[in-house]
There are 2 protein chains.
Amino acid sequence: MDDLVRRLAGIVGDRHVLVDPGVAAGYLTDWTGRFAGSSPAVVRPGSVPEVAAVLAACNDAGVAVVPQGGNTGLVGGSVPLGGEVVLSLRRLSVVEPVDRAAWQVTVGAGATLAAVQEAAAAAGLAFGVDLGARDSATIGGMVATNAGGLHLLRYGGMRDQVMGYEAVLADGRVLAHLDGLLKDNTGYDLGRLLCGSEGTLAVVTRVRLRLVPHYRQRVSALLAFATVDEALAAVTSLREELASVEAIELFFGDGMELVCSALNVPSPFGERHEVLVLVECSAQHDPTDELASVAGELPGLADVAVAREPGPRAALWRLREGHPEAINQLGPPHKLDVTLPASRLGEFVESVPAVVRSVAPEARTWLFGHAADGNIHVNVTGVATEDESVDEAVLRHAAALGGSISAEHGVGTAKRPWLHLNRAPEELAVFRAIKAALDPKGILNPNVLLPPAAEVAGTPA
Amino acid sequence: MDDLVRRLAGIVGDRHVLVDPGVAAGYLTDWTGRFAGSSPAVVRPGSVPEVAAVLAACNDAGVAVVPQGGNTGLVGGSVPLGGEVVLSLRRLSVVEPVDRAAWQVTVGAGATLAAVQEAAAAAGLAFGVDLGARDSATIGGMVATNAGGLHLLRYGGMRDQVMGYEAVLADGRVLAHLDGLLKDNTGYDLGRLLCGSEGTLAVVTRVRLRLVPHYRQRVSALLAFATVDEALAAVTSLREELASVEAIELFFGDGMELVCSALNVPSPFGERHEVLVLVECSAQHDPTDELASVAGELPGLADVAVAREPGPRAALWRLREGHPEAINQLGPPHKLDVTLPASRLGEFVESVPAVVRSVAPEARTWLFGHAADGNIHVNVTGVATEDESVDEAVLRHAAALGGSISAEHGVGTAKRPWLHLNRAPEELAVFRAIKAALDPKGILNPNVLLPPAAEVAGTPA
C-alpha cells in the first residue's frame, strides 16, 4: 500500500494526498455522521489526466476507490467504509463559459450546484435542478446519484440535464461525448447510464448540462385543505392546468405547527389546517392571475396565502424547507425517502403513521415532500438511531404499494440490503454484468448499490 | 436451420412462422426499398413468454435475430441483411388502460404511435412524441431508435418518455421495471439504455410511457425572413419567451416554392421569402396574443401568417410536411439527417449546398428540419442512388462542425461506416463491452450500429 501511496503522490503531488486521518477527517465521515470509514489516502487530482493516472494505478494494484464530490449524501455512498482510497473530485471545479446559443454549460465534476446556478444566472438563464445542499453538493456527485430536487416536476432530475459527459474508467481510459446535441442517435447513451450509478461504473469528470429559461415573474401560494384526497386532487389540477408550474410541495398540520413553533415562523393562516400544498409558478408574464383562477376552482380549498415578492415567498417556503431543521430539534430522526405511484400516494400518507406505530409505539411520524413527484420524505422521531425496524417497516410498506425505496437519495450502503424490494434478481444480474464489463476488477465503489448475494435483509431463508 | 424453424413453430404456432419469401416480403425489405434481405423465418410471437422462448431457441442455436416493429426506419436497421431470423413484435400491440392519476400508459412494443395517441386523447391527455409515420411506426421500434419528432423541443424524445420497461435478453431472460415512478434511484436505468440501442442489447416487449397535458388552445404562425441569421435569432427568442411553444420548424424559399407547385398548395404570402420559420404554441389559454407580441418584436420579420383553426393550421403545416413528398417527385433523393450545435447551425445551412456541389455539380440541395433542435434534414436530388459521395461529404461536413451524423434516424446499417466521425474508439470499445455483457453470443441485430473493426469508411489507411 505504501508503494501505491507513493505512486499516487507522484501523480497529483504530495500536498494532494492526505494520509493523516485528522487532516482527512472531512473526507472519511459523511454529512449525517452515521457513516464513517478509514482510508490509506485521500487523493485530490487536479486534472482529468491525473484522475486517469490515479485510477490506473489503483486498478493495477487491485485497490478499491470511492469517488467523492461534496460528500453531502445521506446513504453512505461516498465514504471509505471498506478502507478504500478516496478519490476527491472537488478540484475539478471549472465552470466553462455558458454556451448562450445552445443554452448549455460544460462544468467539472467538482463544481458546486451553486456555482452552476450562478453561471447560468449571469447568462440570463437558469439550471433546472435545485436542492437544499446547493452550496456544497457537487455536480459530479449529483450526476452519480441522479439528484432530483424541487423542480423535477418541470425540468426532470439530473439525468434529464446531462447533454454530454466525460468520465474515466477503472483502468484509466477516458471516455468523452461532450457535443451536447439535442438529437444524437449514434449509440448507447453512456452519459445517462452513469446518472444514478453511484460511482460504480466510471468516475464522472465533466458534464455538459442543459440550461433552462430564467423566468422573470414568479408567484408562490400556500393552499390549505382538510383532507388528503382534496389536496391530492388539487395537485393533479394544478399540474394539468398550469404550464407555468415549477414546484408542488406537500406537508401537514403537525409539521407546520412544529416549524412555526420551533423556528419561530409566523403562519399565514388564522387556524390550523390538516393538509398544505405549496405551489410555485414562474413565467415571463405574471402567472398570478392564472394560478388564482385555477386555485379558485379547487374543491375543498379552505384557505390560501399568495406571495409575489421575494420576502413573502421565502416566508411561505420556510414553512416547507424548515421541516428538517425543526424535526432535528426533537432528536436525530430516521429519514426515509420514498416515491409512491400517484394512485397510491394518498393511501401511503394516511397509513404510514400506523405502520410506524406498529413497530415503534412511541414514535412520531413527520411527512413532507414533493407532491407532484409522489416523493415523500418520511421522518420518524422518538426511535433509537440504531433501531432499524422502523426503516424496514416503512420501506416494505412503500414497496408493497408499488413504490420505490429510494426516490432521490440513492441506494449507497444504507439501502443496499433492501434493494431486492424494488429490483428482481434478473435485473440485478444485468447490473452486475454491466459493472463487470466496465470495471472487471471491481475497484469502483464496491460497497454501494449492488448487494453481495449474502447481504439481502429480511428475505425468507 | 429446419430444426430451429420447427422449434419456433412449436412456440408461436405454424401460422405465425412465415418461411415463404413471397408471404414474408413486407418483413424482408425496408420502407425505402433500399435495404432488403432474406430470412429462414419471420416469427410473430403473441406474448412475452413466446418472445422469451423464441430468443432462447435462437440463442441456443447460435442464429442471429433482427427485431422488427413497424419497419418504417430509414437506415436498414430492421431487415435481415445477413439472413437473420426476423422477430416481429407487431402482435404485442396491447394498449393498457391509461393511468389517469400518474399520466402514464403501459403499452406493448407492437402498439402503433397512433394507437397510443388515441388512448391518450381518450383520457384527456396527449403523448409527447409525434412523427409522420404515426400510423405504422410501433412503440418498440421508436424506443429502439430513440425517435425524436416534431415536439422534442417541449417534451424530449422517446428516451424522455420511457418511465418503465420490459425486455427480453438474448438468452430469454425477461427483465421488467414497469412501476413508472417519477423518482426512483434504485440502480442503473436499463430502460433508457435500451432507447437508441437499435435492438442490439435486448428486445423491448412493453414500455410504460409518460403522457403530457392535452392543451386545448393552439396557434400556428409562419414567419418569413430574408436571412438565416435573422431566422435563427428568431428561433432563440421564441424558445426563450414562449413557455407554450411546442414546435419550431425551418425551411427555405426554394423548398416552399417546390411544395406549392408540386403539391398545389397555396402560399399565404404575396411574394417569395428566403427563410421560413413555422412555430406552433399550445396552452390551456389562447396563446395567440403572447405569440403575436413576441413575434412583433423579432428583428427582420418580413411577413407573418397566423392560423388558429384546424384547417388553416394544417395548411401552414402542409408547407413544411409536404417537403418529402414534393422532393420525391424529382426522383429518389439522398436523405441525410444531421444535428448541428446551435452555434454552428447557420454556418452549416449556408455552406452545405456548396459542399454538395463540390462533389456533385448537378445536384440540388433541399433543407428542412426542426430548427430548435438543430436537426436538419438534408435532401439531395439529381445524384444517382448508388453514389455515396454526397452522403460522405454531408456527414463529414456536419461532423466537422461538431454535429451528429444521425439526429433521429439512428445508425442502422446505413451509417455504421461513419460512426467513427462521432464516436471515439474508447466509447466504441465500451459499447462492445456492454453488448457482450448482455448478448454474449452476439445474436441480437448483429449488422447494425456497432461497426466491425474492418468496416470503417474513409479513414486513412
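In this predicted model, helices α14(B) and α15(B) cross with a right-handed sense. The two helices, residues 345–359 and residues 389–400 of chain B, pack at an angle of about 150 degrees, and their axes are 9 Å apart. That angle makes α14(B) roughly antiparallel to α15(B), since anything over 145 degrees counts as such. On the α14(B) side, the contact is made by Phe348(B), Ser351(B), Val352(B), Val355(B), Val356(B) and Val359(B). On the other side sit Ser389(B), Val390(B), Ala393(B), Val394(B), His397(B) and Ala398(B) of α15(B).

A second helix pair goes across the two chains. Helix α16 of chain A and helix α16 of chain B, residues 425–438 in each, pack at an angle of about 145 degrees. Their axes are 9 Å apart, and the crossing of α16(A) and α16(B) is right-handed. As for who meets whom, α16(A) brings Val430(A), Ala433(A), Ile434(A), Ala437(A) and Leu438(A). Facing them in α16(B) are Val430(B), Ala433(B), Ile434(B), Ala437(B) and Leu438(B).

That brings up how the chains themselves are related. Any two copies of a chain are linked by a rotation about an axis plus a shift along it. Here, a turn of 180 degrees with a shift of 0.0 Å along the axis lays chain A on chain B with an RMSD of 0.0 Å. This is the relation of a two-fold axis. The interface fits in with this: 100% of the interface residues of chain A are also interface residues in chain B, so the copies meet through the same surface.

Two buried residues show what contact between the chains looks like up close. Ser406(A) is placed in the loop between α15 (389–400) and α16 of chain A. With a relative accessibility of 0%, Ser406(A) counts as buried, the cut-off being under 20%. Setting aside residues up to four places away in sequence, Ser406(A) touches Asp337(A), Val411(A), Lys415(A) and Asn422(A) in chain A. From chain B, Ser406(A) also touches Lys183(B), Asp184(B), Asn185(B) and Thr186(B). Thr339(B), for its part, is found in strand β15 of chain B, residues 334–339. Its relative accessibility is 0% as well, so Thr339(B) counts as buried. Neighbours within four places in sequence aside, Thr339(B) is in contact with Leu181(A), Leu182(A) and Lys183(A) of chain A. In chain B, the contacts of Thr339(B) are Asp373(B), Gly374(B), Asn375(B), Gly403(B), Ser404(B) and Ala407(B). Thr339(B) and Glu408(B) are 69 residues apart along the chain, yet their C-alpha atoms are separated by 8.7 Å.

Pro324(B) offers another pairing of residues far apart in sequence. Its C-alpha is 9.1 Å from that of Val259(B), with their positions 65 residues apart in sequence. Pro324(B) belongs to helix α13 of chain B, residues 323–328. At a relative accessible area of 27%, Pro324(B) is partly exposed. Beyond its neighbours within four places in sequence, Pro324(B) is in contact with Lys335(B) and Phe368(B).

Two more helices of chain B deserve a look. Helix α9(B), residues 228–241, has 14 residues and should span 20 Å at 1.5 Å a residue; its end C-alpha atoms are 20 Å apart, which agrees. The buried residues of α9(B) are Val228(B), Ala231(B), Leu232(B), Ala234(B), Val235(B), Leu238(B), Arg239(B) and Glu240(B). In α4(B), residues 113–122, the buried ones are Leu113(B), Ala114(B), Val116(B), Gln117(B), Ala119(B) and Ala120(B). Their cover includes β5 (104–108), β6 (125–126), α5 (139–144) and β9 (203–210) of chain B. After α4(B) comes Gly124(B), with a positive phi near 75 degrees.

Positive phi also turns up outside glycine. Asn146(A) has a phi of about 50 degrees despite not being a glycine, and Asn146(B) has a positive phi near 50 degrees too. Asn146(A) lies in the loop between α5 (139–144) and α6 (152–155) of chain A, while Asn146(B) is in the loop between α5 and α6 (152–155) of chain B. Asn146(A) is buried at 10% relative accessibility, and Asn146(B) is buried with a relative accessible area of 11%.

Note on methods. Residues numbered from 1 in each chain as written. Chains lettered and ligands numbered in written order. Predicted model: local features only at pLDDT ≥ 70, side-chain atom pairs only at ≥ 80, totals over all residues. Heavy atoms only, no water. Helix = DSSP H or I, 4+ residues; strand = E, 2+ residues; numbered from the N terminus. Expected span 1.5 Å × (residues − 1). Buried < 20%, exposed > 50% of the residue type's maximum accessible area, 1.4 Å probe, protein only. Contact = heavy atoms within 4.5 Å. Least-squares fit on C-alpha atoms with pLDDT ≥ 70 in both. Axes fitted to C-alpha atoms, helices over the stretch in contact; angles between N-to-C directions. Parallel < 35°, antiparallel > 145°, perpendicular 65-115°, else oblique. Left-handed = near helix turned anticlockwise from the far one by under 90°.
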